[in-house]
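Please find below some notes on the structure you sent over. They are set out as numbered points, to be read with the model open.

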Amino acid sequence: MSGLTRYARHLSRLPTLAATALVLAGCMVGPDFERPEAPYLGSWSKGAGLPVDAKTGFTTRSAAVNNWWTLFKDPTLTALINEAYRQNVLLEAAGARVYQARAQLGVAEGELFPQQQQAKAGVEKVQLSENEPLVRDVRQFIPLDPNFTRYSTGFDAGWEIDLWGKIRRDIQSARANLLYQIASYDDALVTLTGDIAATYVTIRELQGLIAITRRNLALQKKSLDIAKVKLEGGTTTRLDVDEATAAYNSTLATLPGYQADLAQTMNALSVLLSEPPGDVAPRLKKYARLPRVPATVAVGVPADMLRRRPDIRAAEYLAAAQSAQIGVAKADLYPAFTISGAIGLKASDFKGLFNTRSFEGFINPSFSWNVLNYGRIQNNVRVQDAEFQETIEQYKNTVLNAYSEVETALVAFVRSKQQVVYLSRAVAASKRAEGEVLVQYQDGTASYDRVIDAQRALLDSEARLLVARADVLTNLISVYKGLAGGWVPPNVKGFINAQTREQMEDRTNWGQLLEKPIEPDPIQTQ
């Protein structure tokens, strides 16, 4: 029987050995992850101190808030958000991290197969020393050429059997990390959407304040002209003209501050859109009113938020990834079983290399056990367990912060709407008072001090009303952000735009990794 035939028989037993190993590998040490118990909140009205009903503008109806900004009926805002989704560089970076985690998962899954697989070949030219004692002694009895060439080729393989689930736990950790990166991407979407909307509202607010200031400047200019006419007619003193001039210029001095704030906010929006400063200004140069506020806002119940918020899911997946690391560490307490082997061909000339007599090989089942390192290994298990406990507490804290963010935004939204009601009345009264006192001043029945007071009151009440209306919108945006609006579940593909994908494919052969849909997150699809 040739060596090749004998070795083939050994190889034929490998499937049986592998099957036995897989049966034995059914157990996994370490804890199986379970979703941490989250702090409970029955309804939003408990923490907010406000009933969630039609009077406050809220409803517990669970409505889709994926594209909540479209409820504002502002095409410009919608266009800006769509543009940011396509080109925001931080969002692209978050998408790249998703594919990085996907590739890392592939690395972890590859460890289930023989970890060492090496094909090799070589040519060895040897020259033995003729004065070496062993060579000299052998040559006395056998003709031996001290100069010869040796050809070889072969294949080595080594496989550590995953008997205790170390590799499978590492795969669990890598898969949880992938889901964590997807949740982080979704969280970046929520944050980006909210930031753009809030910045846009601030731009419209500043443009409105500039418009209000200019309208009031026109009123003050009119009263200044009246004071000048009365001075020329001798029916008033220089004091009225000076007071009118001072009031007019004081109001005029507020414009540069508003204009500087507007330019800075425009630049902030350019950063969110990943555009050079100045590119966005022409699109928003024409003043437009603040976006409209929906009549009712569907906030659902707190349980809906727990399923939707990406930062909560990210905290859960971070805990899941760390839980699996306990099993990875604990597996080192047990013996490791390995099957290694090699087959090859060796000959002194290339012609004889592929002769059956040139065959050689071995198979080597073995095990190793770190019997004297239990203290180090056990302490590493404790380290991983403590880190896991830390992620559980962080998860609970994330949930509590989420409750707080939504409750705070709900209160602020309702209270700012109440402010709008009161300030609207104040503006109406201020307009009437300013018109009446100006007529009285022209008739000489009121002093100019009353004109100045009325105009200041009108400017102040109009500005406060505009700020309150902007606050209603920004607080509502905070509500939508808190409810995790801005991403579409299940978000399992499309994490980078076409340009980024092309750049990555040009540098590296990604195969189908950038195109193949990622397995949906079960929480997203519930």
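1. In which loop is Ala484 found? Ala484 sits in the loop between α13 and α14 (498–507). The model is a predicted one, and in it Ala484 has a positive phi of about 70° although it is not a glycine. Ala484 has a relative accessible area of 1%, so it counts as buried.

2. A second residue deserves the same check of its backbone. Lys73, also not a glycine, has a positive phi of about 55°. Lys73 belongs to the loop between β1 (58–59) and α4. With 59% relative accessibility, Lys73 is classed as exposed.

3. On confidence, the average pLDDT of the protein is 83, and 86% of the residues reach at least 70. Two stretches do not: pLDDT stays under 50 over residues 1–8 and again over residues 10–19. Beyond four places in sequence, the model has 11 contacts for residues 1–8 and four contacts for residues 10–19. Where pLDDT is low, the predicted coordinates should not be read in detail.

4. As to the overall make-up, the protein has 526 residues, of which 42% count as buried. The secondary structure consists of 14 helices and six strands. Taking contacts between residues at least 6 apart in sequence, 85% join residues at least 24 apart. The protein exposes about 28300 Å², with 55% of that supplied by carbon and sulfur atoms.

5. Next, the nonpolar interior. The largest nonpolar core has 87 residues, and Trp44 and Ile196 are the residues with the most contacts inside it. Elements that give two or more residues to this core are α4, α5 (89–110), α7, α9, α11, α12 (374–443) and α13 (448–482). Helix α7 supplies the largest share of this core, 21 residues. In soluble globular proteins, nonpolar side chains tend to be buried together.

6. What does Ile196 touch, not counting residues up to four places away in sequence? Its partners are Leu77, Leu80, Ile81, Ala84, Leu269, Leu272 and Leu273. Apart from the largest core lies another core, of 13 residues, which includes Leu224, Tyr441, Ile452 and Ala454.

7. The salt bridges come to 15 in number. One of them joins Arg283 to Glu83, with the closest N and O atoms 2.5 Å apart. Arg283 lies in the loop between α9 (254–272) and β4 (297–298) and Glu83 in helix α4 (residues 75–87), so this pair ties together parts of the chain that are 200 residues apart in sequence. Arg283, at 39% relative accessibility, is partly exposed, whereas Glu83, at 10%, is buried. Glu275 also belongs here: Glu83, Glu275 and Arg283 are linked in a network of salt bridges.

8. Two further salt bridges are worth looking up in the model. Asp186 pairs with Arg313, with the closest N and O atoms 3.2 Å apart. This pair links distant parts of the chain, since Asp186 is in helix α7 and Arg313 in helix α11 (residues 310–330), 127 residues apart. Both Asp186 and Arg313 are buried. The other salt bridge is between Asp162 and Arg168, where the closest N and O atoms are 2.8 Å apart. Asp162 is buried, with a relative accessible area of 9%.

9. Lys230, found in helix α7 (residues 166–233), should be inspected by eye. Which side chain of opposite charge is nearest to Lys230? That side chain is Asp240, 6.0 Å away. A salt bridge requires the nitrogen and oxygen to be within 4 Å, and Lys230 has no salt bridge although it is buried. Leaving aside neighbours within four places in sequence, Lys230 is in contact with Thr235, Thr236, Tyr441, Gln442 and Gly444. Of these contacts, Tyr441 is also one of the residues in the core of 13 residues.

10. Last, Val293, in the loop between α9 and β4. Val293 is partly exposed, at 29% relative accessibility. Val293 and Phe72 are 221 residues apart in sequence, but their C-alpha atoms are 6.0 Å apart in space. Beyond its neighbours within four places in sequence, Val293 is in contact with Phe413, Val472, Leu473 and Leu476.

Key
Residues are numbered from 1 along each chain as its sequence is written. This is a predicted model: local features need pLDDT of at least 70, side-chain atom pairs count only at pLDDT 80 or more; totals for chains, interfaces and linings use all residues. Side-chain values use heavy atoms; hydrogens and water are left out. Helices (H or I, at least four residues) and strands (E, at least two) are DSSP runs, numbered from the N terminus. Buried means under 20% relative accessible area, exposed over 50%, partly exposed in between (1.4 Å probe, protein chains only). Lys and Arg count as positive and Asp and Glu as negative; His and the chain ends are not counted. Contact means heavy atoms within 4.5 Å. pLDDT is the predictor's confidence in each residue, from 0 to 100. A nonpolar core is a set of buried Ala, Val, Leu, Ile, Met, Phe, Trp, Tyr and Cys residues joined through side-chain atoms within 4.5 Å. Accessible areas come from the Shrake-Rupley method with a 1.4 Å probe; for residues, only the protein chains shown count as cover.
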